[in-house]
Amino acid sequence: MRKKRSDRNYVLYQLTADDETYIGLTVAQGQAFLRSVKVRVQKHISRAKRENKDWSLYAFLRDNPEVQLQYEVIEVVRGRKNAYQREREIIAETNPSLNTF
């Protein structure tokens, strides 16, 4: 019998607000890739309000509470290691303004 796959799909996404951008990664919930990103964005907003992290994205969200965030799926990658590697590549290529810690 064939072994069941244990790797998962990961969604690479881009947040855009005003002229600021952020590249992120989240686990895909089934085939609902855009919904997975929406849930992750909501979690970012919630954590920015609740936690006192000094990350660029969270500071931006706290300083601009009324900002309209737009998000889009960049690509879907199979496997955790490949996904994190691809995220680093995209960040290096695009140099998003809110990906600093």
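The exercises below work through a predicted model of one chain.

**Exercise 1. Overall layout**

Task: State how many helices and strands the chain has, and in which order they run.

Solution.
- Step 1: The chain contains three helices and three strands.
- Step 2: Read from the N terminus, the order is β-β-α-α-β-α.
- Step 3: Along the principal axes, the C-alpha atoms fill a box of roughly 55 × 25 × 20 Å.
- Step 4: For contacts between residues at least 6 apart in sequence, 62% join residues at least 24 apart.

**Exercise 2. Surface and charge**

Task: Find what share of the residues is buried, and describe the exposed area and the charged side chains.

Solution.
- Step 1: The chain has 101 residues, and 35% of them are buried.
- Step 2: About 7100 Å² is exposed, with 45% of that area supplied by carbon and sulfur atoms.
- Step 3: There are 19 positive and 13 negative side chains. The centres of these two sets are 15 Å apart.

**Exercise 3. Helix α1**

Task: Compare the length of helix α1 with the expected value, then work out which residues are buried and which are exposed on the other side.

Solution.
- Step 1: Helix α1 covers residues 33–50, 18 residues in total. From first to last C-alpha it reaches 26 Å, close to the 26 Å expected at 1.5 Å a residue.
- Step 2: The buried residues of α1 are F33, S36, V37, R40, V41, H44, R47 and A48.
- Step 3: These residues lie on the same side of α1, because they cover an arc of only 135° around the axis.
- Step 4: The general rule is that an α-helix has 3.6 residues a turn, so residues three or four places apart point the same way.
- Step 5: R35, K49 and R50 are exposed on the other side of α1.
- Step 6: The cover over the buried residues of α1 includes β1, β2, α2 (56–63) and β3.

**Exercise 4. Helix α3**

Task: Carry out the same analysis for helix α3, covering its length, its buried residues and its exposed face.

Solution.
- Step 1: Helix α3 runs over residues 80–94, and its 15 residues should span 21 Å at 1.5 Å a residue. The end C-alpha atoms are 21 Å apart, which agrees.
- Step 2: A83, E87 and I90 are the buried residues of α3.
- Step 3: Their arc around the axis is only 70°, so they sit on the same side of α3.
- Step 4: The face turned away from this buried side carries the exposed residues K81, R88, A92 and E93.
- Step 5: Elements covering the buried residues of α3 include β1 (9–17), β2 (20–27) and β3 (70–78).
- Step 6: N95 follows α3 and has a positive phi, near 50°.

**Exercise 5. Two residues**

Task: Classify S36 and V73 as buried, partly exposed or exposed, and list what each one touches.

Solution.
- Step 1: S36 belongs to helix α1. Its relative accessible area is 5%. Buried means under 20%, so S36 is buried.
- Step 2: Apart from residues up to four places away in sequence, S36 touches T26, V27, A28 and Q29.
- Step 3: V73 is in strand β3. Its relative accessibility is 29%, so V73 counts as partly exposed.
- Step 4: Setting aside neighbours within four places in sequence, V73 is in contact with V11, L12, Y13, F33, L34 and V37.
- Step 5: L57 lies 16 residues from V73 along the chain, and their C-alpha atoms are separated by 18 Å.

Conventions. Residues are numbered from 1 along each chain as its sequence is written. This is a predicted model: local features need pLDDT of at least 70, side-chain atom pairs count only at pLDDT 80 or more; totals for chains, interfaces and linings use all residues. Side-chain values use heavy atoms; hydrogens and water are left out. Helices (H or I, at least four residues) and strands (E, at least two) are DSSP runs, numbered from the N terminus. Buried means under 20% relative accessible area, exposed over 50%, partly exposed in between (1.4 Å probe, protein chains only). Contact means heavy atoms within 4.5 Å. Accessible areas come from the Shrake-Rupley method with a 1.4 Å probe; for residues, only the protein chains shown count as cover. Lys and Arg count as positive and Asp and Glu as negative; His and the chain ends are not counted. The place of a charge is taken as NZ of Lys, CZ of Arg, CG of Asp or CD of Glu. The expected span of a helix is 1.5 Å times one less than its number of residues. The arc is that of the directions from the helix axis to the C-beta atoms.
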